[in-house]
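Trainee: Please walk me through the inside of this protein, taking one spot as the starting point and working outwards from there. I am new to this, so plain words would help.

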Amino acid sequence: MPLPKVCVIGAGSSGITVIKSLKENGIPFDCYEKGSDVGGNWRYKNDNGLSNIYKSLHINTHRDRMEYRDYPMPTNYADYPNHEPIQKYFLSYVDHYGLRKHIQFKNGVKKAERTEEGIWKITPEKGPVKYYDVLVVANGHHWSERWPDPAFPGKFSGQVMHSHSYVDPKIPVNCEGKNVVVLGMGNSAMDISVELSRPGVAKKVFLSARRGAYVIPNYLFGKPLDKLTEYTPHWVPFFIQQTLAHLLIRFGVGKMEDFGLPKPDHKFGSAHPTISQDLLVRLGRGDIKPKPVITELKGKKIAFADGTEEEADVLIYCTGYNIKFPFFDEDFISAPNNYIPLFYKMIKPGINDLFFVGLMQPLGAIMPLAECQGKWISQYLTGNYVLPSKEDMEKAIESDQVKMQKRYVSSTRHTIQVDYDSFLYEMKEEMATGKKRSAKLGNHLPIEARAEFLSEGRHDSSKSSRTSKKKLVRSR
């Protein structure tokens, strides 16, 4: 039997590993990419109009933890390389597996909708409407800027920008010789603050924190810190891991409040940690001035919760992103407050021909997790995996949500949070379980290849098209 045809939206780090698995399993597909090349957020000066990274960006996960398991990074790469070798790695991956010819560059998806026949109608930005049996969404979740809501009272007369727009100290706003306030405690806030605080760049840098966070270095005791978690078995209870991590940070790094930062109101592991090798040193040297949250904007001055005010020329919001799917009608699928209930962050119960890939915030890198999801989708579409029932998937989602609410601080930042090692292990376990389910049922294809037939019918005369639809209904 012919395999279903798949539409993949996005050729970033998640999209390219999905199409690699589809190709290996003989599954027909098209991949739509708004930009002129692959790489997504890791492509510097991406022309897709969505992705943007700053010039000094480095990965904050060790290269061994970030690489695809089927395609290791070159051993001569640094532990934490910048975006240039990472982009070269993605280009090499695409060329090695012959994927480039399957990607429609400079052609995003304008609209994706399900027809009455249960087929995906895809309207690309260029070219005619096409029909597919399956849709894979890999459009990323670091492109739609999230601003403080509600906004701070008052008005700021200086220049305001979101970290998503930041490229370097001069672009898009010249910060040299200026007083700059950076709001946020995530990785972007750390990187931008450190860069602007270097001698000869900004005049003064103030780091405003809405809440406390744990800042951990890339290296501890001479070893890459995130590599140490590889030696922790997945079955070790979280509270034990958390206690050990607390001791490690407490004695290896110190108290956050000793550096002028607010004391975290949660235990380590209950919020996404911030990784920076340089921030605490810059705070200790006085190059960066810590401040509590902003309370009011007063023209050229900014007031903070401790009652102090500082003159500022530039205000940079490092306040995260919204999860959005611009090609879907919001009534069909959306993520209010950045929450979308998905089975393993991938499948919406009741819709067995729609998959989200890379829609997660791991304590680690997304790439190996997206790679696993791509293999999972391919196994499913070739009849080697069967999904649990809709009810069982909903129960699993609810159970996961309860665990997340107990563990993590309530925040839009943690709605898609996962633990890298345990999540990867659990996905593989579910794949193995689903493989057994499929074998018992005879390894039948879960989705019939109907899109090509429907496409042909749509291009016939109205009479033959109606006839095709009748045949299609009888064949289901």
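Mentor: Happy to! Let's agree on one word before we start: two residues are in contact when heavy atoms of theirs lie within 4.5 Å of each other. Keep in mind as well that this is a predicted model.

Our starting point is valine 180, which sits in strand E11, residues 179-183. Buried or exposed: how does valine 180 count? The cut-off for buried is under 20% relative accessible area. Valine 180 has 0% relative accessibility, so it counts as buried. Setting aside neighbours within four places in sequence, valine 180 is in contact with Cys175, Leu196, Ala202, Lys204, Val205, Phe206, Val314 and Ile316. For a sense of scale, go from valine 180 to isoleucine 351: they are 171 residues apart in sequence, and their C-alpha atoms are 47 Å apart in space.

Two of those contacts of valine 180, Leu196 and Ile316, lead us on to the largest nonpolar core. This core has 97 residues, and Leu196 and Ile316 are among those with the most contacts inside it, together with Val6, Met66, Phe90, Leu207 and Leu381. Helix H7, residues 367-381, supplies the largest share of the core, eight residues. Where does this core lie with respect to domain 1 and domain 2? Domain 1 (6-144 + 322-457) and domain 2 (147-319) both give residues to the core, so it lies between them.

Now look at phenylalanine 90, another of the core residues with the most contacts. Residues up to four places away in sequence aside, phenylalanine 90 touches Ser13, Ile16, Val38, Gly39, Trp42, Met66, Tyr68 and Met367. There is also a second, separate core of 23 residues, including Ala112, Ile122, Phe328 and Leu359.

Let's return to H7 and meet its partner. H7 packs with helix H9, residues 420-441, at an angle of about 10°, and their axes are 10 Å apart. Angles under 35 degrees count as roughly parallel, so H7 is roughly parallel to H9. On the H7 side, the contact is made by Pro368, Leu369, Cys372, Gln373, Lys375 and Trp376. H9 contributes Tyr420, Phe423, Leu424, Met427, Lys428, Glu430 and Met431.

Next comes a small sheet. Three strands form an open sheet in the order E4-E5-E6, with antiparallel pairing. Strand E4 (109-114) and strand E6 (130-132) stand at the edges with a single partner strand each, so one side of each has no neighbour in the sheet. On average, neighbouring strands here are turned by 25° against each other, direction ignored. Strand E5, residues 120-124, pairs with E6 over three bridges, and lysine 121 stands opposite tyrosine 131 in E6.

Finally, some backbone details. Most peptide bonds are trans, and most residues other than glycine have a negative phi. Against that background, the bond from aspartate 149 to proline 150 is cis, with omega near 5°. Proline 150 is placed in the loop between strand E8 (144-145) and strand E9 (154-156). Isoleucine 171 and proline 172 are also joined by a cis bond, with omega about 0°; proline 172 is in the loop between strand E10 (159-162) and E11, the strand that holds our starting valine 180. As for phi, phenylalanine 221 has a positive value near 60°, and at 63% relative accessibility it counts as exposed.

Definitions and conventions
Residues are numbered from 1 along each chain as its sequence is written. This is a predicted model: local features need pLDDT of at least 70, side-chain atom pairs count only at pLDDT 80 or more; totals for chains, interfaces and linings use all residues. Side-chain values use heavy atoms; hydrogens and water are left out. Two strands pair if DSSP finds at least two bridges between them. Helices (H or I, at least four residues) and strands (E, at least two) are DSSP runs, numbered from the N terminus. Axes are lines fitted to C-alpha atoms, for helices over the stretch in contact, and angles run from 0 to 180 degrees between N-to-C directions. Buried means under 20% relative accessible area, exposed over 50%, partly exposed in between (1.4 Å probe, protein chains only). A nonpolar core is a set of buried Ala, Val, Leu, Ile, Met, Phe, Trp, Tyr and Cys residues joined through side-chain atoms within 4.5 Å. Domain bounds come from an automatic or database domain assignment. Angles under 35 degrees count as roughly parallel, over 145 as roughly antiparallel, 65 to 115 as roughly perpendicular and the rest as oblique.
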